[in-house]
Amino acid sequence: ITCPPPKVASLQTEAARRGQKRIIMGVHDIIPPSLLAKENKQPFLLVKLRVKQKDVDFCLEKVVLRLGTEGAFKGYAHEWESEDIDCHLMGEGHIVHTPGEKKILILSRQGDSHKVTFKVLMETLPDYHLQWMD
């Protein structure tokens with residue numbers, strides 16, 4: 001499955017404008033294709049990223065979904081922090097992707113992180129039917 005490009009400027013582009021040379025692991029996509037590659041249940045992480053902007057006191061903020069569990073988050077966090085990107089694990093759960101029906105089932109606990117996950121998927125994949133279960 002191919003995902004549409006993000007609607008906001010990517011953090012990788014922002015980092016390039018700030019003069020960083022290295023590639024930022026996994027920041028350029030809101031939802032990487034690997035998260036939706038299989039039709040079976042996949043674990044996901046909901047992560048908030050903040051990149052400091054050059055010559056201003058504001059940060060570029062972006063919420064992304066990543067494949068994996070809390071253990072995988074530690075690897076992502078280490079890489080992001082080495083690139084001066086603050087990250088915060090907002091939530092986790094599982095998704096079940098049915099590409100033939102353009103349907104995604106979100107399996108997570110009810111709360112704010114569920115609402116954010118739903119919003120991220122809805123904005124990134126507007127032609128999909130989304131359903132939530134706890």
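In this predicted model, the buried residues of helix H3 are His114, Thr117, Val120, Leu121 and Thr124. Viewed down the axis of H3, these buried residues fall within an arc of 125°, so they line one face of the helix. The pattern fits a general feature of such helices: with 3.6 residues a turn, residues three or four places apart point the same way. On the other side of H3, Asp112 and Lys115 are exposed. The helix itself runs over residues 112-124, 13 residues in total, and spans 18 Å from its first C-alpha to its last, close to the 18 Å expected at 1.5 Å a residue.

What, then, covers the buried residues of H3? The cover includes four strands: E1 (41-52), E2 (59-67), E4 (103-107) and E5 (129-133). Thr117 offers a helpful single view of this packing. This residue lies in helix H3 and has a relative accessibility of 2%, which is under the 20% limit, so Thr117 counts as buried. Apart from neighbours within four places in sequence, Thr117 is in contact with Phe44, Leu46, Leu65 and Ile106.

Attention can now turn to charged side chains. Side chains of opposite charge can pair when their charged atoms come close. The count in this structure comes to 4 salt bridges. One of them stays inside H3: Lys119 pairs with Glu123, and their closest N and O atoms are 3.9 Å apart. The two residues are 4 places apart in helix H3, about one turn of the helix. Both partners are partly exposed, Lys119 with a relative accessible area of 47% and Glu123 at 39%.

Another salt bridge joins the side chains of Arg50 and Glu61, with an N to O distance of 2.7 Å. This pair links distant parts of the chain, since Arg50 sits in strand E1 and Glu61 in strand E2, 11 residues apart. How accessible is Arg50? With a relative accessibility of 35%, Arg50 counts as partly exposed; Glu61, at 43%, is likewise partly exposed. The pair also belongs to a wider arrangement, as Lys48, Arg50 and Glu61 are linked in a network of salt bridges.

The side chains of Lys102 and Asp127 also meet in a salt bridge, at 2.5 Å from N to O. Here too the pair links distant parts of the chain, 25 residues apart: Lys102 is in the loop between strand E3 (85-98) and E4, while Asp127 is in the loop between H3 and E5. Lys102 is partly exposed at a relative accessible area of 36%, and Asp127 is partly exposed at 47%.

Finally, the aromatic rings deserve a look. A pair of aromatic rings is described by the distance of the centres and the angle of the planes. The structure holds 1 aromatic pair. The ring centres of Tyr76 and Trp80 are 5.4 Å apart and their planes lie at 20°, so the pair is stacked. Where along the chain do Tyr76 and Trp80 lie? Both are in helix H2 (residues 70-82), and being 4 residues apart, they are separated by about one helical turn. Tyr76 and Trp80 are both buried.

How values were computed:
Residues are numbered from 1 along each chain as its sequence is written. This is a predicted model: local features need pLDDT of at least 70, side-chain atom pairs count only at pLDDT 80 or more; totals for chains, interfaces and linings use all residues. Side-chain values use heavy atoms; hydrogens and water are left out. The expected span of a helix is 1.5 Å times one less than its number of residues. Buried means under 20% relative accessible area, exposed over 50%, partly exposed in between (1.4 Å probe, protein chains only). The arc is that of the directions from the helix axis to the C-beta atoms. Contact means heavy atoms within 4.5 Å. Rings of Phe, Tyr and Trp (its six-membered ring) pair if their centres lie within 6.5 Å; planes under 30 degrees apart count as stacked, over 60 as edge-to-face and the rest as tilted.
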